[in-house]
Amino acid sequence: MQRWWFLEENGEAKDPSSGAQRVDPTAKKPKQPTPAGDRRYTFRVLVTYDLLKDETIAITGSCEALGNWDPEQCVQLRPETEGDGNIWRLETELPRDVSVKYRYLICSVDPTSGNVHVRRFETHIVPRQVPIDLADDEDTGAGKHRGQPKIDTLGDIDGNIKLDKGWLTTETIVQFKFFDNPFSVKERIKNRLLYVKITTMNLRINAESQNLSALLEESLSSDTRENGTESTTTYSFTEVASLRNPTACYEQQSQFGCPYHKDDFLIFNVTVAEPENVAYLVDLYTYSSKSKEDEPPYHLGYHYILPNFLKKSEGVLELPVTCASKHRPLGMMRIEYLKVTPLLPARCNLERSYIRYWNKRWTGLDVGHRGSGTSFKTSDGNVIRENTIASLKKAVAHGADMVEFDVQLSKDLVPVIYHDFDIYVSLKRKTTLDTNDMLELPMRELTLEQLRNMKVYHVVEGRNREAKFFDEDLEEHQPFPQLAEALELIDPHCGFNIEIKWSQKLKDGRMESEMVFDSNLYVDCILRVVLEKAGNRRIVFSCFDADICTLLRLKQNLYPVMFLTLGVTSRYPSYHDPRCNSIEMAVRNAYATELLGIVAHTEDLLRDQTQVNLATDKGLIIFCWGDDNNCKDTIKHLKSLGIHAIIYDKMDIYSDKAIKESVFLVGARESQAALLQQINIENRYEHTNQHEFLNDKDVRLSLDKASTSSALSTSTPSI
């Protein structure tokens, strides 16, 4: 199936897999006639980024000639001159009587399948635009003739730079994590600084390749070669980030890898097209105590990670380190891994993205915690059960800008809203609850039907043997509403902060709850519901688990993700993963992973308020959560610190809004005038002679301006 197109100078589409002779893009060609109804246009873009092997520049847009925003149908540009890759060019035909929106992207093409992988793409809310009357065509006399076509700058529109990491379409990312001092080696090299390098090895066996043992043997002598030059390497990209670095970001690894310092957190992201045919060579290098200043490190040891080691979505590998010279054991290394697979079938395109968008006016937002608040920590009798449709609606009625709630899966993979991992089930229908009448079960062990039909109690009710709610006859007060129901029933102008519940390992080695779900399957089930049902609602995902945040970020390009942070606290046990245990580490991880921001624990923020700047100085958005927020004075103080959103209970008591409505509803009203203006202009266009209409300069300018203005009103509500 054809997946990748580029355009030759005459505008005809060619398939690079067809074997046709490549035409020199600089060669002179006779000018081709413009098809009736189209206009010839030349795109030129200045590329200031260093492209990697297999990367190229492409364009996508709102017409068939540019692929209709489909990443598989985007169109490749070519360097204007041989040897100069700074300015890239495409000449093509565009529809004449409509403005065309477009974006540039950096992509790569899998040489085996032809699949297009989006490496980075422009994410401006209002994309670039070719006006109705702009064209290169001089022969037909139509359109406004230009001299040399203008030059765009990749990622930069009027000084606003947005070129964000792409998402997975058909490829897989395998993440290898080195932390908590993962190397146990012999005493004589115990205190040396080790450099870690990961190289992909192609295990695909065919008639022209060597056998498997020969491929692995050859790699042992590859330590003096430059990255990517080994004959056995496969189509892949390897990037590494050290969270020891305050400005951590993913970069290409150097020839001898990345140093691992004590208490570092080293993350390798390896992008591959065929994970079942790829092995990973982990090499360790170090400097001799007698090495000279310009002498390279020597190859200390290695180990291979074969694809059958990575059958699960996440896990821990305990691997021996084999001496590179004597091929004897040197010690052990521990690597935690995460495998991120694409969400299939594909549900995202390049038309719009809000993965790192936040309007500057959105500050100090009021977010209803579990709707109208935690219902099992208070003795107040006027409380609605948390995480129910009724609780969410009550928060909206009292002016919540967003509501925060917890989502996890039932046994039959249905996303439901519930906070705790465990529940209590009544074994008998009694008016009083005796000790032997209740059974504690993991929520994940029951199907949605069982959760709805059985007499189920919250863990607080079960442990105290005292029922708190008697609301069986009130449908919207029932626990375990489906995520889909909330998306359909709650006012669409209220944003959702969807916290993904996922059991984590604690620092003492215990699990919060034993999970039986595969993490990719778990996240996919939730994303499918949101992408299908969310409509124009603003959505923000969050999770305490950094790996789940990574999955959420890499599987889609529409909704932003925030990293929930435990921070320094005396109220909750610390996690095994140090990224969640301090605001500083959380900020570094969010920045490197290109998340929207973090959700900080207010207890830690109040301990050191300057930590707010750790996030905002890096351009990250910061929410806060915690029991400390349930106080009017604290909420007011947090807003004065510049916190973008405060999550708290009892919106009806603690909110100080004079007008009880969401900030997003206010924004929708403000943009309504621009939308009505566009509709009016389009109606005039339909009832006016097309030729006269397009020659009316004022009308043309109004149409383009209205189209741009309405982009915010029609697309922004999708976040």
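Start by selecting Phe268: with a relative accessible area of 0%, this residue is buried. Keep in mind as you click around that you're looking at a predicted model.

**Stop 1: two ring pairs**

Now add Phe178 to your selection. Phe178 is at 0% relative accessibility, so it counts as buried too. A pair of aromatic rings is described by how far apart the centres are and by the angle of the planes. So what do you get for Phe178 and Phe268? Their ring centres are 5.8 Å apart and their planes sit at 75°, which makes the pair edge-to-face. Next, colour the strands: Phe178 is in β15, while Phe268 is in β21 (residues 265–272), so this pair ties together parts that are 90 residues apart in sequence.

There are others to hunt for, as the whole structure holds 27 aromatic pairs. Try Phe121 with Trp167: the centres are 5.6 Å apart and the planes are at 70°, so this pair is edge-to-face. Phe121 belongs to strand β9 (residues 116–122) and Trp167 to the loop between β14 (163–165) and β15 (172–179), so parts 46 residues apart in sequence are tied together by the pair. Are these two buried or exposed? Phe121 is buried, with a relative accessible area of 2%, and Trp167 counts as buried at 3% relative accessibility.

**Stop 2: a cluster of rings**

Select Tyr354, Tyr357, Trp358, Trp362, Phe623 and Phe664 together. Ring pairs link these residues into a cluster. Turn the view slowly and see if you can trace the links yourself.

**Stop 3: charges over rings**

Which ring does the charged end of Arg119 sit over? Select Phe237: the charged end of Arg119 is 3.8 Å from the centre of that ring. For another one, show Lys618 and Tyr591. Here the charged end of Lys618 sits over the Tyr591 ring, 5.9 Å from its centre.

**Stop 4: cysteines**

How many disulfides are there? The count comes to zero. A disulfide is a covalent bond between the sulfur atoms of two cysteines. The count here uses a cut-off of 2.5 Å between the sulfur atoms. You can still take a look at Cys63, which counts as buried at 5% relative accessibility, and at Cys624, which is buried with a relative accessible area of 0%.

**Stop 5: Gln611**

Jump to helix α10 (residues 611–616), where you'll find Gln611. At 7% relative accessibility, Gln611 counts as buried. What does Gln611 touch, leaving out residues up to four places away in sequence? Ile583, Asp604 and Leu605. Zoom in on Asp604: its backbone oxygen lies 2.9 Å from a polar atom of the Gln611 side chain.

**Stop 6: helix α2**

Select residues 389–397 to light up helix α2, which is mostly covered, with seven of its nine residues buried. Those buried residues are Ile389, Ala390, Ser391, Leu392, Lys394, Ala395 and Val396. What covers them? Show β27 (402–409), β28 (415–417), α5 (483–489) and α12 (651–654), which are included in the cover over the buried residues of α2. Just after α2, click on Gly399, which takes a positive phi of about 95°.

**Stop 7: strand β26**

Go to residues 365–369, strand β26, where five of the five residues are buried. In a regular strand, side chains alternate between the two faces of the sheet. In β26, Leu365, Val367 and His369 point one way, and Asp366 and Gly368 point the other way.

Now bring in the neighbours. Strand β37 (residues 645–648) pairs with β26 in the parallel sense over four bridges, and Val367 has Ile647 as its bridge partner in β37. β27 also runs parallel to β26, joined by three bridges. To find your way, look for Gly368, which stands opposite Val403 in β27.

**Stop 8: a three-stranded sheet**

Finish with the open sheet in the order β30-β29-β31, where the pairing is antiparallel. Which strands stand at the edges? β30 (438–442) and β31 (456–457) do, each with a single partner strand, so one side of each has no neighbour in the sheet. Strand β29 (residues 422–426) pairs with β31 in the antiparallel sense over two bridges. Select Val425 and you'll see it stands opposite Val456 in β31.

Conventions:
Residues numbered from 1 in each chain as written. Predicted model: local features only at pLDDT ≥ 70, side-chain atom pairs only at ≥ 80, totals over all residues. Heavy atoms only, no water. Buried < 20%, exposed > 50% of the residue type's maximum accessible area, 1.4 Å probe, protein only. Phe/Tyr/Trp six-rings, centres within 6.5 Å; stacked < 30°, edge-to-face > 60°. Lys NZ or Arg CZ within 6 Å of the ring centre and 35° of its normal. Polar contact = N/O pair within 3.5 Å; in protein donor to acceptor, adjacent residues only side chain to side chain. Contact = heavy atoms within 4.5 Å. Pairing = 2+ DSSP bridges.
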